[in-house]
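Let us go through this structure step by step, beginning with its empty spaces and ending with the packing of its helices.

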Amino acid sequence: MSKAPEVLIVGGGAAGIIAARRAADSGARVTLLEKNERLGMKILISGGGKCNLTHAGSMEEIRRQFRPNEGRFLKPSFYKFTNNQFLEILHARGLRSYVRPDGRIFPVDPANAKDVVALLTQYVEEAGVRIRYKAPAAGIDVTDGAVQGVRLEDGSTLRASRVIVCTGGSSFPATGTTGDGWRWLSDIGHTIVPLRAALAPMYLADAHVDWSGVALRDIVLRARAGREGKEIGHWPGDLLFTHKGVSGPTALGVSREVAERDAGAVTPPSTLEADTIPTRSYEDLHAAFRKELTDNPRRTAASLVAPYVPSRLVDPLLAAAGVAGDTRGSQFPAKALKKLVSTLKGWPLGDVRHVPLERGEVVAGGVSLDEVDPQTMHSKIVSGLYLCGEVLDIAGPVGGYNLQAAWSTGYVAGDSAAS
């Protein structure tokens, strides 16, 4: 009877958790190394702490939300471990989930990200995986193109001929994702595609501190290449103003395009604008406002705007349109009405000063996909090395897509390493 293979997994995030359990289920002796005191630190911040588990679309629909080269790479793993298979793990252990109208899947209240991490930790432990907490790695030992083990920061080395690296990216370094894996993998011959912010807040050149904490609901945020430039990205949903700029799903949704476009201090910088009433066309809204002002000549500009934006933003939006709030229907020039409607449909929010990579939920860039076998997650550079999760050059949009990529690639890596 052959001896069970020894598999070392570096990184106890989403990909590492699933990889560890799958490898153990496939007969391997598994050691999971985690630099923190608990698993799943990045999972804890998913969905604002509520944990956006995955997306409810078909795996083909989910795959198409990634850049074409990323989607092609993910296809084999997406069909080997689906969103439904992941949810079955949670449901079988008593955690219920629900689907939001936009397809994002969350635990049913009061369950949250902490409950998900506790469940997944139990899921790993019950398979007999040895978890070593507070065990930061320092590098991968490779001899003659083959993995020999993992070096730890305490000076020791753990020997194994099969190693899975799933150390994540470099966003939110406080969670432990400090880009260590990329340094090790670069040292042993892997190409690291330049890093860019993705799913990140955006800092504005003239941030409105007094708007901090105010949200625009159900809008479409558009990013343009410079003032009145070509649209480079748009995203529907909510926008949150911060003391430095903007955040929320819409900001995260266009941040990658802005970061890529503005790399190298492009002038002029990208700009943002908000369509505050995306469900109505300019023509429809203009006609409705014109009729309302004709029928009610004492109706003010401020009262027209009030139903569509928070009270703290009524005056700023009117100022952007160049219309006084007390302008009444009987005094409303046609040009002013056109400008007001145009502003509601495309409110300029300002120039983007910076997209902070370290504040993003996901980082674009990482290990080149050309150097990893998508069928197995095995490195094409080093024998016995498997790579999965955000350490790869993969970054999907907001909505549970990136966690699904981690679950799926982790499953394949664990399965392959144990085979």
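How much space lies in the second largest pocket? In this predicted model, the volume of the second largest pocket comes to about 300 Å³. Its lining is made up of 15 residues, and those that lie nearest the centre of the pocket are Glu228, Leu272, Glu273, Gly346 and Pro348. Three elements, β16 (271-275), α11 (334-345) and β17 (347-354), each give two or more residues to this lining, and of the contributions to the second largest pocket that of β17 is the most, at four residues. Sorted by class, the residues that line the second largest pocket are four nonpolar, five polar and six charged.

Besides this pocket there are enclosed spaces to consider. Rolling a probe the size of a water molecule over the atoms shows where empty space is left. The structure holds two cavities of 30 Å³ or more, and the largest cavity has a volume of about 40 Å³. Lining the largest cavity are Lys50, Tyr98, Arg100, Phe106, Pro107, Asp109 and Ala111, a set that divides by class into four nonpolar and three charged residues, with no polar ones. The second largest cavity, with a volume of about 30 Å³, is lined by Leu204, Asp206, Ala207, His208, Trp211, Phe241, Thr242 and Gly245. In the lining of the second largest cavity, four residues are nonpolar, three are polar and one is charged.

Asp109, which is one of the residues that line the largest cavity, also takes part in a backbone feature that deserves a separate look. The peptide bond that leads from Asp109 to Pro110 is cis, and its omega is near 10°. Pro110 is placed in the loop between β5 (104-107) and α5. A second backbone feature belongs to Asp218, where phi is near 55°, a positive value in a residue other than glycine; Asp218 is placed in strand β13 (residues 215-224).

We can now turn to the helices. Two packed helices are described by the angle between their axes and the distance between the axes. How, then, do helix α1 and helix α5 cross, and within what distance do their axes come? The axes of α1 (residues 14-25) and α5 (residues 113-125) come within 9 Å and cross at roughly 25°. Because angles under 35 degrees count as roughly parallel, α1 is roughly parallel to α5. The crossing of these two helices, α1 and α5, is left-handed. On the side of α1 the contact is made by Ile17, Ile18, Ala20 and Arg21, and on the side of α5 by Leu120, Tyr123 and Val124. The contact of α1 with α5 has, by class, six nonpolar residues and one charged residue, but no polar ones.

Helix α11, one of the elements that line the second largest pocket, appears again in two helix pairs. In the pair with helix α8 (residues 282-295), the packing angle is about 135° and the axes are 10 Å apart, and α8 and α11 are therefore oblique to each other. The crossing of α8 and α11 is right-handed. Here Tyr282, Leu285, His286, Phe289, Arg290 and Leu293 of α8 meet Leu337, Lys338, Val341, Ser342, Leu344 and Lys345 of α11. The contact of α8 with α11 has seven nonpolar, two polar and three charged residues by class.

What angle and what distance between axes describe the packing of helix α10 and α11? Helix α10 (residues 311-321) packs with α11 at an angle of about 120°, and their axes are 8 Å apart. At this angle α10 and α11 are therefore oblique to each other, and their crossing is right-handed. The contact brings together Leu317, Leu318, Ala320 and Ala321 of α10 with Lys339, Leu340, Thr343 and Leu344 of α11. Of the residues in the contact of α10 with α11, six are nonpolar, one is polar and one is charged. Leu344 of α11 thus belongs to the contact with α10 as well as to the contact with α8.

Technical notes: Residues numbered from 1 in each chain as written. Predicted model: local features only at pLDDT ≥ 70, side-chain atom pairs only at ≥ 80, totals over all residues. Heavy atoms only, no water. Axes fitted to C-alpha atoms, helices over the stretch in contact; angles between N-to-C directions. Parallel < 35°, antiparallel > 145°, perpendicular 65-115°, else oblique. Left-handed = near helix turned anticlockwise from the far one by under 90°. Contact = heavy atoms within 4.5 Å. Nonpolar A, V, L, I, M, F, W, Y, C, P; charged D, E, K, R; others polar. 1 Å grid on protein atoms, 1.4 Å probe; cavity = no way out; pocket = protein on both sides within 12 Å on 5 of 7 lines; lining within 4 Å. Points joined across faces, edges and corners; volume = space filled by probe spheres on them.
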